[in-house]
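Have a look at the model below, and keep the viewer open while you read. We will go from the overall fold to its cores, and then to a few pairs of side chains.

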Amino acid sequence: MVSTPMKPGSSGHTDTLFEDLMFSPDSTTAPKPRALKSIPRMQSPVRNQVELRPYDLDATLSADHQARAVWAFVQSIDLQALYARIQAVEGGVGRAPIDPAILVSLWLYATLDGVGSARELARLCEREDAYRWLCGGVSVNHHTLGDFRVTHTQWLDAQLTRNVAALLSQGLVSMNRVAHDGMRVRAHAGAASFRRRETLKDLLEQAQIQVQALRKELDDSPDAGTSRVRAARQRAAIEREQRVTRALRTVEAIGKHLSGKAAKHSPETIQVDGAQEQTERVQASVNDQGADAPSAEPASGQAKDAKKPKEPRVSTTDCDARVMKMADGGFRPAFNAQLAVDTQTMIITGVDITNSGSDMNQMLPMHEQHEQRYARVPAQWLTDGGFAKHEQIEQLTARATCVFAPVPAPKDQQRDRYVALRVVTVRLWPNGASEWAPRRPSRSTRSVRPASSAPTHICATAACSA
C-alpha cells in the first residue's frame, strides 16, 4: 500500500484528503487506472482435495425412498432357511459371512432397477447411495452376489410360491385368468464360443495341461507372485476346465438325441409307421361310414431321405445356451423365458427358463407348475399362436382349464384358416361309442368339451394336420 504525504495547513491538517487522486470538475476525461503489477488473487475450485465429512448413510436417502421399502419387505419375509446354512457361529472359528438379508435386498432392488449383472451390481454398491444404504457399510463383490443367486435358486422359487399363495389366501389374487407368453433373453455367451465335439476335446486337453502347470508352479516355487494372484489364476483355469467338460457332456447328449431322432425318421421307419397309420385311419373310416369311406391307398414307400443332422455345437461359456431367433430377426445365443401373469392384478404367478427356441410345448409344463405351486389351476389360459398345439390344448381342457389361443395359420396361404375343412373327425367316447362330427371353424379360439366328455381326436385323413 502506497501512502501519500500530508501537506500541513494553518491548523496543522491537510486541506483535502487524497489530494493526488482528485481531479478538477471541468476535466472532460477521468484518470486512467493504474496498470496491475501482479496476477489477481481469488478463490478457485479444488476438486481433488480429500475431505473427511461426518455423515451417516441413513441421511442420504429420503424417508419414502424405494430402497427403504425393499429393506422393510425383506425384513418381513422368512429367511430362516438361509440363516440355517451359515456355519460360522458365536465362539467358533471362521469369518462371518454377509447377512443374507443384505444380499436378498440388493438383488430385489437391482431387479426393480433393471440390473441383472452381478458385476454391475457390485459397481453400484460402491457409488450409488441407495445400494450403499442397503449394504450398510458391508463390502460385497460380484463373486458373492453371483454365487448367492445361483446357490439359492430353490429358495427363491419357493419364495415366489409363498408370496402368491399368501395373496390368494387374502383374496388379492384370483388367478381366474392367466396369460402365458415367452420371451427370448440374450445369453452371456458369444457366438464365437460355440464349438464342436473335436474342438471341445482339444480345449479340454489344453485346460487340463494349464491346470497341471499351475499346480506344478505352486509346488516348485511357492513364492512366485502373491498368493492372491496364484489363487486367482488357478481358480480361473479350474473353472475353464469345468466349463469345457460340461460343454463336452452337453454336446454328446445332443448328439445322442439327434441320432435317435434321425433313426426315428429314417426311410424304413417312416415307411412302416406311415403305412400302419394310414391303414388304421382307413379302417376306422370303413367301420363307421361304410361305403362312403375313402378308399385305401397303398403306401408309397418312397419317403424322402432323412437329412443328415448337422454336428451340434455347444458354447464353452454357457453350455445351456442355444442359438435362437430373436425379435429383430437375428440369431444369437439366448434362453426362452416363460412367464405367466394373473391378468387381473398383473402379478407373476409362474416362471420358467428353457433352452428351446419354440413355445409349442411350453403350455403344459407351465400349467403343471401352477398346479404344483398353488394346488389349483386357472379357469382360463390365454396364449398366442406359438402355443397352439392340439395335444396340449386337450390336456389342459381335461384339467378343467379353457384355453384361448389364435387359430394357427395353415401352410397353404390360399386357404382361409377359419373355414372348415371337408374332412370328418372320429371322436371315440369313453363308453366305446363313436360318432361322426365335422370340424367347425373358430373365429379366434378353439373350445374343447369339459373333462368329463372330452374325446380323443383321430383325423380320418392326413389333410387334418392344419
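## The fold as a whole

Two residues are in contact here when heavy atoms of theirs lie within 4.5 Å. With that in hand, take the contacts between residues at least 6 apart in sequence: 64% of these join residues at least 24 apart. Please keep in mind that this is a predicted model.

The secondary structure comes to twelve helices and eleven strands. The protein has 466 residues, and 26% of them count as buried. About 32,200 Å² of the protein is exposed, with carbon and sulfur atoms supplying 52% of that area.

## Nonpolar cores

In soluble globular proteins, nonpolar side chains tend to be buried together. In this model the largest nonpolar core has 31 residues, and L106, L121, Y131 and L145 are those with the most contacts inside it. Which elements give two or more residues to this core? They are α1 (66–76), α3, α4 (118–127), α5 and α6 (142–151). Helix α3 provides the largest share, eight residues.

L121 is a handy place to start exploring this core. Leaving aside its neighbours within four places in sequence, L121 touches L106, W107, A110, V115, Y131 and L145. Another core, of 17 residues, lies apart from this one, and V173, M175, L396 and A405 are among its members.

## One aromatic pair

A pair of aromatic rings is described by the distance of the centres and the angle of the planes. There is one such pair in the structure. The ring centres of Y109 and Y131 are 5.1 Å apart and the planes stand at 75°, so the pair is edge-to-face; the cut-off for that label is an angle over 60 degrees.

The two partners come from distant parts of the chain, 22 residues apart: Y109 sits in helix α3 (residues 100–112) and Y131 in helix α5 (residues 129–135). Are these tyrosines buried or exposed? Y109 is buried, with a relative accessible area of 9%, and Y131 is buried too, at 2%. Y131 also belongs to the residues with the most contacts inside the largest nonpolar core.

## A buried histidine

Next, try selecting H370, which is found in helix α11 (residues 363–374). Its relative accessibility is 0%, so H370 counts as buried; the cut-off for that word is under 20%.

What surrounds H370? Setting aside neighbours within four places in sequence, H370 is in contact with M175, V178, A340, T349, G350, A375, R376, P378 and W381. One of these, M175, is also a member of the core of 17 residues.

## A hairpin and its salt bridge

Strand β4 (residues 322–325) pairs with strand β5 (residues 331–342) in the antiparallel sense, over four bridges. K325 stands opposite F331 in β5. Together β4 and β5 form a hairpin with five residues between them, and G329 in the turn has a positive phi of about 95°.

A salt bridge can be found here as well: the side chains of D328 and R332 meet at 2.9 Å, N to O. Which of the two partners is exposed, and which partly exposed? D328 counts as exposed, at 57% relative accessibility, whereas R332 counts as partly exposed, at 27%.

## Salt bridges within helices

Side chains of opposite charge can pair when their charged atoms come close. The count for this model comes to ten salt bridges. One of them joins R123 and E120 at 3.0 Å, N to O. These two residues are three apart in helix α4, so about one helical turn separates them. R123 is partly exposed, with a relative accessible area of 41%, and E120 is partly exposed at 25%. Salt bridges that share partners join E120, R123 and R127 into one network.

Helix α5 has a salt bridge between D129 and R132, at 3.1 Å, N to O. D129 and R132 are three residues apart in that helix, so they too are separated by about one helical turn. D129 counts as partly exposed, at 34% relative accessibility.

Definitions and conventions:
Residues are numbered from 1 along each chain as its sequence is written. This is a predicted model: local features need pLDDT of at least 70, side-chain atom pairs count only at pLDDT 80 or more; totals for chains, interfaces and linings use all residues. Side-chain values use heavy atoms; hydrogens and water are left out. Rings of Phe, Tyr and Trp (its six-membered ring) pair if their centres lie within 6.5 Å; planes under 30 degrees apart count as stacked, over 60 as edge-to-face and the rest as tilted. Buried means under 20% relative accessible area, exposed over 50%, partly exposed in between (1.4 Å probe, protein chains only). Two strands pair if DSSP finds at least two bridges between them. Accessible areas come from the Shrake-Rupley method with a 1.4 Å probe; for residues, only the protein chains shown count as cover. A nonpolar core is a set of buried Ala, Val, Leu, Ile, Met, Phe, Trp, Tyr and Cys residues joined through side-chain atoms within 4.5 Å. A salt bridge is a side-chain nitrogen of Lys or Arg within 4 Å of a carboxyl oxygen of Asp or Glu.
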